[in-house]
Amino acid sequence: MKRILYIALILAPVSLFGKVTVQNTDSLFTLANKFYTEGKYTEAITNYEAIVASGKVSAELYYNLGNAYFKLNDIAHAILYFERAYLLNPSDDDISFNLDLARAYTTDKIEAIPDFFVVEWFMSISNIFSSNAWAFLANSFFVLALILLIIYQFSGKYLIKKNAFITSWITLLLFMVSLSFSISQKNRIINSKHAIITTSAISVKSSPSDTSNDLFILHAGTKIETLRNVGEWYEIRIADGNKGWLPKSAFERI
């Protein structure tokens, strides 16, 4: 009995802290939304980013941040947060629309190299749902497959056994497909190498040095891919395949 009491006393502050943290996050979000509706976008951003700093991120939070930055005409950070929102929920039409709208205000108009059609096909299907939604579907298909296999095992009727067996393999296939899409989406979130230029204009260098040759100029809001780094310098690639080097201070990772 005494041991149970000790455990309860240890766990109580943790549970209380978790509850307070959630309440504080909800309060900050409500306050930030209030500031946004009042046109106080700087104050809204301060509160939204306080939530981000606490680790309680979501597509909705990033979307609201993107909108607030867009209202302040900070296109680079608007795109950054719309991209982060899109990464978490690529099926949201509002996020996609606002991201495309913000991109229209950027200076650099870079023609992207088209992906191999199989990659485009895979990505288009993968982006129908978020990683969590695909995981939910995978779990549902797995449970359904188990139920069908149980029916196959214990049913005494040949036709039912046959249909249950065939359907169970179809649902197992759907489980594997959904799981692969979920993992693919999650990997894109965790291992994202893309970033957004946040400096108004910067020259891309031929090597990781301020004294190296200028290759081309990039402006705020342009999306880049980071390849490797040497200290604070990163080799980057833009959508048309051109490469060069930029200091870490010139961009923020998505």
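**Exercise 1. Classify glutamate 83 by its accessibility, then place it in the fold and list its contacts.**

Solution. Glutamate 83 has a relative accessibility of 4% and therefore counts as buried, where buried means under 20% relative accessible area, exposed over 50%, and partly exposed in between (1.4 Å probe, protein chains only). The model is predicted: local features need pLDDT of at least 70, side-chain atom pairs count only at pLDDT 80 or more, and totals for chains, interfaces and linings use all residues. Residues are numbered from 1 along each chain as its sequence is written, and side-chain values use heavy atoms, with hydrogens and water left out.

Next, the residue is placed in the fold. Glutamate 83 belongs to helix α4 (residues 75–88); helices (H or I, at least four residues) and strands (E, at least two) are DSSP runs, numbered from the N terminus.

Finally, the contacts are listed. When neighbours within four places in sequence are set aside, glutamate 83 is in contact with Leu99, Arg103, Ile196, Lys223 and Ile254; contact means heavy atoms within 4.5 Å.

**Exercise 2. Identify the salt-bridge partner of glutamate 83 and describe the network to which the pair belongs.**

Solution. A salt bridge is a side-chain nitrogen of Lys or Arg within 4 Å of a carboxyl oxygen of Asp or Glu. Glutamate 83 satisfies this rule with lysine 223, their closest N and O atoms lying 3.5 Å apart. The pair links distant parts of the chain, since glutamate 83 is in helix α4 and lysine 223 is in strand β4 (residues 223–230), 140 residues apart. Lysine 223 is partly exposed, with a relative accessible area of 36%.

A further salt bridge joins the side chains of aspartate 100 and arginine 103 (3.4 Å, N to O). These two residues are three apart in helix α5 (residues 93–103), which means that about one helical turn separates them. Aspartate 100 is partly exposed at a relative accessible area of 45%, and arginine 103 is partly exposed at 35%.

Taken together, Glu83, Asp100, Arg103 and Lys223 are linked in a network of salt bridges.

**Exercise 3. Compare the two partners of the salt bridge at glutamate 235, and state the total number of salt bridges.**

Solution. Glutamate 235 pairs with arginine 228, with the closest N and O atoms 2.7 Å apart. Glutamate 235 is buried, at a relative accessible area of 14%, whereas arginine 228 is partly exposed, at 47%. The total comes to eight salt bridges.

**Exercise 4. Check the length of helix α2 and describe its buried residues.**

Solution. The expected span of a helix is 1.5 Å times one less than its number of residues. For the 13 residues of α2 (residues 41–53) the expected span is 18 Å, and the end C-alpha atoms are 18 Å apart, so the two values agree. The buried residues of α2 include Tyr41, Ala44, Ile45, Asn47, Tyr48 and Ile51. Just after α2, glycine 55 has a positive phi of about 90°.

**Exercise 5. Assess the confidence and overall dimensions of the chain.**

Solution. The protein chain has a mean pLDDT of 88, and 91% of its residues reach 70 or more; pLDDT is the predictor's confidence in each residue, from 0 to 100. Over residues 1–20 the pLDDT is below 50, and this stretch has zero contacts in the model beyond near neighbours in sequence.

The secondary structure comprises eight helices and seven strands. The C-alpha trace spans about 80 × 55 × 40 Å along its principal axes. Buried residues account for 33% of the 254 residues in the chain.
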